[in-house]
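The following exercises are to be worked with the sequence and the three-dimensional structure at hand. Each task is followed by a stepwise solution.

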Amino acid sequence: MKVASYLTTPIYYVNDVPHIGHSYCTLATDTLARFARMQLGNNEVFFLTGTDENSQKTVDAAAKAGVSIEVYLKDMAARWQSTWDTIGISYNDFIRTTEARHVDTVHELFQKIYDKGDIYKGTYKGLYCTGCETFKKSSDLNEAGRCIDHPNQDIKHLDETNYFFRLSAYEKPLLEWYEKNPDWLQPRSKKNEIISFIKSGLEDVSVSRETAEFGISLPMDPAHKVYVWFDALINYYSGIRTPEREHFWESAFHIIGKDITRFHCVIWPAMLMAAGIPLPKGVFAHGFFTIDGTKMSKSLGNVISPVDLSVQYGNDALRAGLLSSFEFGSDGDFSAENFAEFYRTKLAGGVGNLFNRVTVLITKFCDGQVDLNNAGLDLKPEFEKFESLLEQKQLKGAYDFYFATVDAANQRLNETEVWKLAKIDADAASKIFTELFDYLVLLSEMAVVLLPESAPKMRAMIGLEGKVGAAQIMFDSGRTDK
RNA sequence: CGCGGAGUAGAGCAGUGGUAGCUCGUCGGGCUCAUAACCCGAAGGCCGUUGGUUCGAAUCCAACCUCCGCAACCA
């Protein structure tokens with residue numbers, strides 16, 4: 001099988017506000033899901049996203065907002081979900097880690113690993129930062145002995161009983177796994193990084209919190225709560241625990257940001273090995289982008305809202321602009337200026353104008369009827385090229401190819417000067433019109449994956465049986481002036 | 001000696017041994033079917049620095065300079 005049928009995004013931390021970085025990851029996954037549906041059929045693909053909710057910070061945020069934890073979480077999760085709805089994400093299910101189906105699965109896996117002997121009780125001594133929800137080394141603290149990222153919170157000296165996951169036992173199995181499955185983690189640079197990390201030695205990791213007031217209780221010791229990331233990773237498995245979905249697991253594929261590669265490519269596979277569950281088909285770690293060359297941050301105020309861009313330019317522009325501006329798997333940059341330029345040149349001047357001019361031409365000179373008996377163009381190789389790019393997850397490559405196809409059609413138009421030809425030699429012109437029509441059909445088919453919101457409009461313009469529909473504006477070049 | 005990535009035309013990037021490419025921008029021309037859009041052409045690069053390997057290096061090796069991420073839970 002060339003494409004995975006079960007695709008996941010990370011579950012996003014519920015306290016955050018969805019920003020353009022999250023959207024990038026989710027749109028990339030959405031594109032792969034749409035492509036998988038094209039290849040395998042709608043019912044053969046399952047796309048999961050969701051929210052990560054079992055955190056101490058949730059309790060604090062709810063208290064600050066003056067609402068119950070349940071209400072707070074429900075509101076925040078709804079906010080994420082509506083963002084994805086607004087920007088046109090075709091997820092099949094949205095999982096929340098406070099849902100019973102997830103809690104049950106976490107209990108089940110935790111128990112399994114415990115029974116196997118790979119979770120054991122021990123003591124952890126250390127400095128703990130509530131802000132990071134992690135233990136700190138003294139070298140991580142500032143002069144005042146506080147966390148660099150959360151200088152306003154006290155560092156706690158914890159000496160608590162914890163349950164540990166025997167990650168150290170999986171050093172060898174993991175290395176063997178990577179040896180046998182060289183393409184499991186992409187891109188390659190990330191794989192090398194992970195392998196050298198594993199080789200540097202793995203230590204057992206704490207998987208419970210005694211002091212946490214909110215979270216999933218350990219099945220064998222309810223006073224302890226499961227450590228958030230241990231619970232979070234399991235969401236991918238929780239999401240398909242129904243009879244009709246179970247078969248998806250064997251073809252699971254995780255799309256993640258490069259920052260969480262270690263969790264997904266060291267701990268998660270080790271957890272699954274311990275629980276006796278087959279590993280997913282693969283993981284892809286994408287890169288991060290800066291905004292106008294600067295790292296995105298709330299304090300700098302350069303965080304861009306995906307919803308704002310969607311409102312101004314439309315969902316297709318948002319996804320195409322993000323996914324085509326730099327290679328999937330590399331880091332890049334995104335700027336409002338470049339985005340407006342992309343919209344104006346590639347979408348309005350390229351795709352939109354081509355559909356408009358061809359539709360108008362055919363309407364004007366052939367009364368809207370294309371002669372499908374003409375030989376036309378054999379564009380099958382072009383479509384195969386498109387498929388091969390997406391199979392390799394070259395999202396930017398696929399968009400570049402799309403726009404190159406637009407250019408090819410425009411060139412054909414200009415070199416044949418069909419608007420002159422139509423007045424002199426109607427038969428010759430008819431053949432060219434059929435060719436141009438074939439280009440539009442190809443572009444509308446690829447748009448199902450790359451420009452899904454525009455695809456129906458394209459089909460409407462192409463019409464049925466060679467009878468083109470009315471021309472319409474898909475990408476208004478005037479929009480950039482707003 | 002913490003780990004990793006990057007330095008190629010005005011901007012953003014591709015290019016892992018054999019005459020420097022792409023997108024956008026700029027300039028000139030063409031066309032007038034089209035969303036002031038489309039097509040053609042041109043200018044513009046000692047491929048970070050220095051040294052080395054080679055018949056030949058943006059591409060391999062060494063050193064150095066600069067920038068940027070990460071350093072167990074922000075995509």
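Two strands are taken to pair if DSSP finds at least two bridges between them. The model examined here is predicted.

**Exercise 1.** Establish how strand β1 (residues 6-13) is joined to β12, and identify the bridge partner of T8 in β12.

Solution.
Step 1. β1 and β12 run parallel and are joined by three bridges.
Step 2. The criterion for pairing is at least two bridges, so the three bridges between β1 and β12 satisfy it.
Step 3. Within β12, T8 has H254 as its bridge partner.

**Exercise 2.** Place β1 and β12 in their sheet, giving the strand order and the edge strands.

Solution.
Step 1. The sheet is open and has six strands, in the order β3-β2-β1-β12-β13-β7, with parallel pairing.
Step 2. Its edge strands are β3 (93-96) and β7 (185-186), each of which pairs on one side only.
Step 3. Moving inward from β3, strand β2 (residues 46-52) pairs with β3 in the parallel sense over four bridges, and T51 has R96 as its bridge partner in β3.
Step 4. β2 also pairs with β1, again in the parallel sense, over six bridges; here L7 stands opposite F47 of β2.
Step 5. On from β12, five bridges lead to strand β13 (residues 282-286), and the two strands run parallel. The bridge partner of I255 in β13 is F284.

**Exercise 3.** Determine how far strand β12 (residues 252-257) is enclosed, and which residues lie on each of its faces.

Solution.
Step 1. A residue counts as buried under 20% relative accessible area.
Step 2. In β12, six of the six residues are buried, so the strand is largely enclosed by the rest of the structure.
Step 3. In a regular strand, side chains alternate between the two faces of the sheet.
Step 4. In β12, A252, H254 and I256 lie on one side and F253, I255 and G257 on the other; all are buried, and both faces are thus covered.
Step 5. β2 is likewise mostly covered, with seven of its seven residues buried.

**Exercise 4.** Describe the open sheet of three strands and state why β9 and β10 stand at its edges.

Solution.
Step 1. The strand order is β9-β11-β10, and the pairing is antiparallel.
Step 2. β9 (208-209) and β10 (217-218) each have a single partner strand, so one side of each is left without a neighbour in the sheet.
Step 3. β10 is joined by two bridges to strand β11 (residues 221-226), and these strands run antiparallel. L218 has D221 as its bridge partner in β11.

**Exercise 5.** Is S238 buried or exposed, and which residues does it touch?

Solution.
Step 1. S238 belongs to helix α8 (residues 235-238).
Step 2. The relative accessible area of S238 is 2%, and the residue is therefore buried.
Step 3. Leaving aside residues up to four places away in sequence, S238 touches I95, R101, H102 and T105.
Step 4. With H102, S238 forms a side-chain polar contact of 2.8 Å.

**Exercise 6.** Classify the crossing of helix α11 (residues 315-324) with helix α12 (residues 336-366), and characterise their contact.

Solution.
Step 1. The two helix axes come within 10 Å and cross at roughly 105 degrees.
Step 2. Because angles of 65 to 115 degrees count as roughly perpendicular, α11 is roughly perpendicular to α12.
Step 3. The contact comprises A317, L318, A320, G321 and S324 of α11, with F339, F342, Y343 and L347 of α12.
Step 4. By class, this contact has seven nonpolar, two polar and no charged residues.

Definitions and conventions. Residues are numbered from 1 along each chain as its sequence is written. Chains are lettered from A and ligands numbered from 1 in the order in which they are written. This is a predicted model: local features need pLDDT of at least 70, side-chain atom pairs count only at pLDDT 80 or more; totals for chains, interfaces and linings use all residues. Side-chain values use heavy atoms; hydrogens and water are left out. Axes are lines fitted to C-alpha atoms, for helices over the stretch in contact, and angles run from 0 to 180 degrees between N-to-C directions. Angles under 35 degrees count as roughly parallel, over 145 as roughly antiparallel, 65 to 115 as roughly perpendicular and the rest as oblique. Contact means heavy atoms within 4.5 Å. Ala, Val, Leu, Ile, Met, Phe, Trp, Tyr, Cys and Pro count as nonpolar, Asp, Glu, Lys and Arg as charged, and the others, Gly among them, as polar. Buried means under 20% relative accessible area, exposed over 50%, partly exposed in between (1.4 Å probe, protein chains only). A polar contact is a pair of N or O atoms within 3.5 Å; within protein, one must be able to donate a hydrogen and the other to accept it, and residues adjacent in sequence count only if both atoms are side-chain atoms.
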